[in-house]
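Colleague: I have a few questions about the strands and loops here. Can you take me through them?

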Amino acid sequence: MPDILDAITAIHSHEERYEKLELFYKNERERQKILDSIDALHHRDECDVEISTVDEGNGRGFVSVEFHDDYDKEAGPFFDALIKKLGIDHCD
């Protein structure tokens, strides 16, 4: 499993009640692992969460997870759990 996860790059950005985590993948297996990991985690239905996938061609792209109006600060724990589930040891 670590052989496919070493290539996933995580970039986090935030301001006030908005947080975004972008997970860059280099092949279809990595993309599917990211999406499966997101599906396995849960957040409250009241959260305004947007998940999008951007295909950059040749099997590369990124998955973006955005929390809008995050009054209850749920993005941080969600992102921490996602990064841990993917085996990522740091985030830029």
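Colleague: Which residue in strand 2 stands opposite His-12?

Modeller: Keep in mind that this is a predicted model. Strand 1 covers residues 9-15 and strand 2 covers residues 18-25. The two pair in the antiparallel sense over seven bridges. Opposite His-12, in strand 2, stands Leu-21.

Colleague: What is the bridge partner of Leu-21 in strand 4?

Modeller: Strand 2 also pairs with strand 4, residues 60-68. That pairing is antiparallel, over seven bridges. In strand 4, Leu-21 has as its bridge partner Val-65.

Colleague: Back to the hairpin of strand 1 and strand 2. Which residue there takes a positive phi?

Modeller: The hairpin has two residues between its strands. One residue in the loop between strand 1 and strand 2 is Glu-16. Its phi is near 45°, positive in a residue other than glycine. So the hairpin residue with the positive phi is Glu-16.

Colleague: Does Glu-16 count as buried or exposed?

Modeller: The cut-off for exposed is over 50% relative accessible area. Glu-16 has 73% relative accessibility, so Glu-16 counts as exposed.

Colleague: Where does Asp-69 lie?

Modeller: Asp-69 is not a glycine, yet has a positive phi of about 50°. Strand 4 comprises residues 60-68, and helix 3 comprises 75-86. Asp-69 lies in the loop between strand 4 and helix 3.

Colleague: What is the relative accessible area of Asp-69?

Modeller: Buried means under 20%, exposed means over 50%, and partly exposed is in between. Asp-69 counts as partly exposed because its relative accessible area is 45%.

How values were computed:
Residues numbered from 1 in each chain as written. Predicted model: local features only at pLDDT ≥ 70, side-chain atom pairs only at ≥ 80, totals over all residues. Heavy atoms only, no water. Pairing = 2+ DSSP bridges. Helix = DSSP H or I, 4+ residues; strand = E, 2+ residues; numbered from the N terminus. Buried < 20%, exposed > 50% of the residue type's maximum accessible area, 1.4 Å probe, protein only.
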